[in-house]
Amino acid sequence: MILRRRSYSDADRILTVFTPRLGKRVLIAKGARKTTSRKAGHLELFSHANLLVAQARTWDIVTETVTVESFLNLRTNLEGISRAAYICELVDAFTAEDDENETLWELLLLCLRELNALPESAPQHDLLLRWFELHLLFQMGFQPELFACLGCGEDLRPVLNFLHLHAGGVFCPDCGRAQQGAEPITAQTLKVLRHLVRTQWESLRELRLGHSTALAVESVLQRYLVTVLERRLKSADFIFRLRQSYGTNDGAAPNATESSADGQDYPPAPADSSYKAIL
Ligand SMILES: [Zn+2]
């Protein structure tokens with residue numbers, strides 16, 4: 001899977017690829033920017049390709065390429081491209097070179113296939129991104145604690161609990177009130193997050209979230225990712241700006257049964273959140 005690519009010298013490209021058995025690798029495709037190059041058409045971003053590689057002293061050299069899946073449908077619109085770029089950037093941000101993680105590779109492939117198969121206007125796109133974020137966090141050992149209180153260890157009950165991004169999870173009401181930096185999290189938001197963690201995507205396709213719940217879940221995960229990575233991803237900002245420019249949120253189902261958002265694009269962030277600037 002081609003996660004990232006950049007131009008190098010007059011005619012070459014440097015590629016960051018994610019492979020099922022060798023993890024993330026940085027490769028060079030010599031001459032790939034020449035219009036006559038046979039490789040050029042097979043090295044598109046977030047495409048699934050078979051690469052033949054020759055070992056070299058610095059970057060290994062791509063010698064042959066064959067596209068396996070190019071995900072053409074998702075490339076027909078800016079939203080599709082931005083979502084695919086986002087999940088690839090997340091994988092790039094969370095992985096180190098040569099760390100094999102076949103399960104993560106399969107997760108990435110599943111999500112790209114699904115983004116490609118969903119109709120452009122389908123409401124499931126944003127839900128799929130949330131599901132991907134949580135399962136990627138799980139794969140990389142950063143899953144937030146959503147089931148037992150971080151303080152006393154008791155099972156969390158369906159009441160107003162307290163989320164602590166830096167502590168990596170949720171406190172029960174008794175423990176959470178005393179925690180600096182904790183913010184309330186509704187039973188509904190926690191329920192959806194837990195459901196996403198425990199459920200395979202195939203069983204979530206029909207799930208529809210109300211607008212306010214979808215935004216609350218997104219806000220929690222985006223801010224948690226910023227906390228873990230200590231930075232925001234460019235593609236996440238781009239998705240946000242794209243949504244702002246269209247004035248819509250297609251993560252909200254048209255037939256949502258919950259009340260719509262009250263004019264805010266995200267629920268309020270805690271005062272010390274670095275995410276606040278773009279809310
Ligand atoms: Zn507790």
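A hairpin of five residues joins β4 to β5. This feature belongs to a predicted model, and it offers a convenient point of entry into the fold. The two strands that the hairpin connects, β4 (48-54) and β5 (60-69), pair with each other in the antiparallel sense over seven bridges. Two positions fix the register for the reader: His 48 stands opposite Glu 69 in β5, and Asn 50 stands opposite Val 66 in β5. In general, the strands of a sheet pair through backbone hydrogen bonds, in either a parallel or an antiparallel arrangement.

The hairpin is part of a wider assembly. An open sheet of five strands runs in the order β1-β2-β3-β5-β4, and its pairing is mixed. At its edges are β1 (2-8) and β4, each of which pairs on one side only. From one strand to the next, the twist averages 30°. A helix accompanies this sheet: α1 lies across β1 and β2 (12-19), and its direction makes an angle of about 85° with β1.

The loops that flank the β4-β5 pair deserve separate attention. Phe 46 is found in the loop between β3 (23-29) and β4. Its phi is near 35°, a positive value in a residue other than glycine. Phe 46 counts as buried because 26 C-beta neighbours lie inside 10 Å, the threshold for that class being 20 or more.

Phe 71, in turn, lies in the loop between β5 and α1 (78-94). Phe 71 likewise is not a glycine, yet it has a positive phi of about 50°. With 20 other C-beta atoms within 10 Å, Phe 71 is buried; the class begins at 20 such atoms, so this residue meets the criterion exactly.

The surroundings of Phe 71 connect several parts of the chain. Leaving aside residues up to four places away in sequence, Phe 71 touches Phe 46, Ser 47, Ala 84, Leu 112 and Asn 116. One of these partners, Phe 46, is the buried residue described above for the loop between β3 and β4. Ala 117 provides a further point of reference: Phe 71 and Ala 117 are 46 residues apart in sequence, while their C-alpha atoms are 8.6 Å apart in space.

The chain as a whole may now be considered. Its secondary structure comes to seven helices and eight strands. Of the 279 residues in the protein chain, 35% are buried. Among contacts between residues at least 6 apart in sequence, 60% join residues at least 24 apart.

Finally, the confidence of the prediction must be taken into account. The mean pLDDT of the protein chain is 85, and 86% of its residues reach 70 or more. Over residues 249-279, however, pLDDT stays under 50, and the model has 53 contacts beyond four places in sequence for this stretch. Where pLDDT is low, predicted coordinates should not be read in detail.

Technical notes:
Residues numbered from 1 in each chain as written. Predicted model: local features only at pLDDT ≥ 70, side-chain atom pairs only at ≥ 80, totals over all residues. Helix = DSSP H or I, 4+ residues; strand = E, 2+ residues; numbered from the N terminus. Buried ≥ 20, exposed ≤ 12 C-beta atoms within 10 Å, placed from the backbone. Contact = placed C-beta atoms within 7 Å. Pairing = 2+ DSSP bridges. Axes fitted to C-alpha atoms, helices over the stretch in contact; angles between N-to-C directions. pLDDT = per-residue confidence, 0-100.
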